[in-house]
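Colleague: Could you walk me through this one? I'd like to start with the empty space and then go on to the ligand and the backbone.

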Amino acid sequence: MSDAVELFLKEAIGLHSGTVGSSVIDHAVKQRMNACRMTDIQIYRQHLATSFQERQELINAVIVPETWFFRDREAFATVSRHLQATPGLDRPIRLLSVPCSTGEEPFSIAISLFEAGFAAEDFRIDAIDVSSQNLEKAERAIYGRNSFRGGDLGFCAGYFDNVDVGLQPNARVRAQVTFIRANLFEWILPIGQGFYDIIFCRNLLIYFDRDTQEKALHRLGGWLSPAGLLLVGPGESGIPATCGYVSIRSPRAFAFRKAERPTGNPQPSPFARSIAAAGMRRPKPVPAMKEMPARPFSTPRIIKEIPTVPSVDRAAASLAAIERAADTGRLAEARQTADAHLTQFGPSSEIFYLMGLISDADGAAEEAIQNYRKALYLAPDHAETLAHLGLLLQRRGDSAAARALAGRLAKIEQRKRKS
Ligand SMILES: C[S@@+](CC[C@H](N)C(=O)[O-])C[C@H]1O[C@@H](n2cnc3c(N)ncnc32)[C@H](O)[C@@H]1O
């Protein structure tokens, strides 16, 4: 609809139209133009350029607020175990949830740490999001059924109060969290404030292009203590390893720590050489460890580096294994193998396509759409992905988007026939 609006969103919050799809942005712009009673996109653009309030409203309209309590539960268990196993941390332990959306994630962190035996004075959680609308909901902290999905959350009962229209984390849980409206790319760690021991940055990097992902991980690296953990979403688990982090290999937690800085002047790795040969840019390392204050870390762990140049055969065999598991209905196993594949071999259209199929078969339509979009982002002509995404969108009633994909598919097939 308007390249200028797409550019504004990319520069303001990192949102990449190629990843989320222009239709998502068009929809938000139409919604805002209606709200402003405007019919001319040029006039709306001028309004956007001069009104801070409108820029915030457009951001509110375009972001994906999807979140729920204990989403990817293993991440919370891993953090509790990590903090229990790391004696000598300065108190209070500092945790950051960015983006926190409507608050389910930071409140889940607080509950899981209470469950693990930490006292209120032992930890503090900062929770950041760019959407004023989401933060208003987070501060109200009243949650309906949609915020509690899957899994047995019975253990949480004692941490919630029944209020008229839903459940509210009790005062003890709410007191642990400070909400801050800020943009990941603009927020500055307050002077004198220590580094974070844990950063949750989940389900945000997927909306960024490669450069913006690097920029985000570079910023987070500057806020994270040397022994700290960074947690990302399952669909993002291939990203940190290419930006100066190493996986701690805790299954289904998607947890990373900053890589040690190499000493001396080592030979470039085969990975670096292959990047150079392909004319690609080398990922920026996260800030040097010496810029960070030393923190006690009494039980250093030896983490095996994930091989960076896996054999093509092993990657293909791993994809085939995922496909076999999915084909025979072993979806949990297929998911687990796909997550491991992503961590080990990095993002590719094939793995995102398979992850899309698995989520689709599992009834997780939103997740399937995200995975299919990521596959198309890496390989816009991936015919199977175009077909499956089209069917899924059709089933969800988005006929216009389904038709557009069918058109793309028809053109690809036409091209194939000609060649
Ligand atoms: C899908 S939610 C993720 C919430 C939670 N971390 C989770 O995984 O359940 C994405 C959130 O990112 C926020 N967001 C998008 N761009 C942002 C930015 N540049 N800075 C801070 N928050 C941002 C949106 O407002 C939205 O609430």
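Colleague: How many cavities of 30 Å³ or more does the count come to?

Modeller: Bear in mind that this is a predicted model; with that said, the count comes to one cavity of 30 Å³ or more, and the volume of this largest cavity is about 420 Å³.

Colleague: And which residues that line the largest cavity are closest to its centre?

Modeller: The lining is made up of 27 residues, and those closest to the centre of the cavity are Val 64, Pro 99, Asp 129, Asn 203 and Leu 204. Sorted by class, the lining has 16 nonpolar residues, together with six polar and five charged ones.

Colleague: OK, so where does the ligand sit?

Modeller: The ligand sits in the largest cavity. There are 20 residues around the ligand, and the ones that come nearest are Thr 67, Pro 99, Asp 129, Asn 134 and Asn 203.

Colleague: What does the shell around the ligand have by class?

Modeller: In the shell around the ligand there are nine nonpolar residues, six polar residues and five charged residues.

Colleague: Which polar backbone atoms are listed for the nitrogen atoms of the ligand?

Modeller: One pair involves Arg 202, with a polar backbone atom of that residue 3.0 Å from a nitrogen atom of the ligand, and another involves Val 130, where the distance from a ligand nitrogen to a polar backbone atom is 3.3 Å. On the side-chain side, an N or O atom of Ser 101 is 3.4 Å from an oxygen atom of the ligand.

Colleague: And how much of the ligand's accessible area does the protein cover?

Modeller: On its own the ligand has 600 Å² of accessible area, and the protein covers 98% of that.

Colleague: Changing topic to the backbone: which residues does a cis peptide bond join?

Modeller: One cis peptide bond joins Arg 91 and Pro 92, with omega at about -5°, and Pro 92 lies in the loop that runs between helix H6 (74-84) and strand S1 (93-97). Another joins Val 98 and Pro 99, with omega at about 5°, and Pro 99 is in the loop between S1 and helix H7 (104-115). Pro 99 is also one of the residues that come nearest to the ligand.

Colleague: Why would you point those out?

Modeller: Because most peptide bonds are trans, and, on a related point, most residues other than glycine have a negative phi.

Colleague: Where is Arg 249, then, and what is its phi?

Modeller: Arg 249 has a positive phi, near 60°, without being a glycine, and its place is in the loop between strand S8 (245-247) and strand S9 (255-258). Phe 254, likewise not a glycine, has a positive phi of about 55°, and this residue is found in the loop between S8 and S9.

Definitions and conventions: Residues numbered from 1 in each chain as written. Predicted model: local features only at pLDDT ≥ 70, side-chain atom pairs only at ≥ 80, totals over all residues. Heavy atoms only, no water. Near = heavy atom within 4 Å. Polar contact = N/O pair within 3.5 Å; in protein donor to acceptor, adjacent residues only side chain to side chain. Areas by Shrake-Rupley, 256 points an atom, 1.4 Å probe, with all protein chains shown as cover. 1 Å grid on protein atoms, 1.4 Å probe; cavity = no way out; pocket = protein on both sides within 12 Å on 5 of 7 lines; lining within 4 Å. Sits in = over half its atoms within 2 Å of the grid points. Nonpolar A, V, L, I, M, F, W, Y, C, P; charged D, E, K, R; others polar. Points joined across faces, edges and corners; volume = space filled by probe spheres on them. Helix = DSSP H or I, 4+ residues; strand = E, 2+ residues; numbered from the N terminus.
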